[in-house]
Amino acid sequence: PSHILSKDAQKMYPPTDESQRVDSYSVNAAIMFNETLMKELDIKQEDVQTETKFFETLEKVKNSGYQVNGETVIPVMLDGTNWINSSMGTLANNFGAVRADEEGKYRSMELSPGYKKALEFTNRLVRNGYLDINSLTIDTTAKVSYVESGRVFCWIGNPADTGNKEKIPLTSFGPILADNGAVPTVGVEM
């Protein structure tokens with residue numbers, strides 16, 4: 001259940017039109033893949049849909065030696081300076097994070113097991129050299145530049161910040177299924 005939909009939270013803080021609008025429409029992020037690079041490196045949808053396969057594929061991308069305009073491909077990029085709100089929220093939901101505990105009482109998403117899993121996942125991206133930690137400090141203009149260069153294999157962030165979609169075709173296959181069996185969630189129960 002969502003924090004807005006728990007009975008105790010609704011009694012104390014009844015949802016407003018604005019809070020319902022924000023909960024329904026404010027998150028705009030996804031896990032997207034560069035279709036051109038997938039084709040060039042012979043990577044299929046099933047190669048990125050589970051956590052194990054995703055990391056195996058990132059290793060393949062990293063070690064491929066493939067270049068775009070003389071520059072090495074970047075296996076993963078998060079949403080620059082927005083990575084905590086955009087990319088981490090997407091990954092946390094991907095790994096089953098919700099704003100309620102097992103009893104349906106509100107808790108900060110950052111305290112949920114799904115958020116912890118998202119942090120571990122991101123740490124693994126950095127430790128294995130799939131994600132350049134310096135990319136977490138770049139602004140929107142720089143993010144768009146990287147993605148539009150065609151060098152980014154996997155983009156986890158706001159689709160609106162990916163630039164020219166005709167030039168660099170990106171696709172999303174939905175969540176990366178966690179090895180621990182966590183069920184992906186969305187921000188609001190429908």
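Beyond the residues up to four places away in sequence, T72 touches Y66, Q67 and R151, in what is a predicted model throughout. T72 belongs to strand β3, which covers residues 71–72, and a second residue described below, K165, is placed in the loop between β5 (152–157) and β6 (170–171). The second largest pocket, with about 160 Å³ of space, is taken up last.

**T72 in strand β3**
- T72 counts as partly exposed because its relative accessibility is 45%, a value that lies between the 20% limit for buried and the 50% limit for exposed.
- Although T72 and V152 are 80 residues apart in sequence, their C-alpha atoms are 9.3 Å apart in space.

**K165 in the loop between β5 and β6**
- K165, with a relative accessibility of 42%, is likewise classed as partly exposed.
- Once neighbours within four places in sequence are left aside, K165 is in contact with P159 and A160.
- From K165 to V147 the separation is 18 residues in sequence, and the C-alpha to C-alpha distance is 9.8 Å.

**The second largest pocket**
- The space in the second largest pocket amounts to about 160 Å³, and of the 15 residues that line this pocket, those closest to its centre are I74, V76, L131, D132 and S135.
- Strand β4, which spans residues 74–78, gives the most to the lining of this pocket, contributing four residues.
- By residue class, the lining of the second largest pocket comprises nine nonpolar, four polar and two charged residues.

Terms used:
Residues numbered from 1 in each chain as written. Predicted model: local features only at pLDDT ≥ 70, side-chain atom pairs only at ≥ 80, totals over all residues. Heavy atoms only, no water. 1 Å grid on protein atoms, 1.4 Å probe; cavity = no way out; pocket = protein on both sides within 12 Å on 5 of 7 lines; lining within 4 Å. Points joined across faces, edges and corners; volume = space filled by probe spheres on them. Helix = DSSP H or I, 4+ residues; strand = E, 2+ residues; numbered from the N terminus. Nonpolar A, V, L, I, M, F, W, Y, C, P; charged D, E, K, R; others polar. Buried < 20%, exposed > 50% of the residue type's maximum accessible area, 1.4 Å probe, protein only. Contact = heavy atoms within 4.5 Å.
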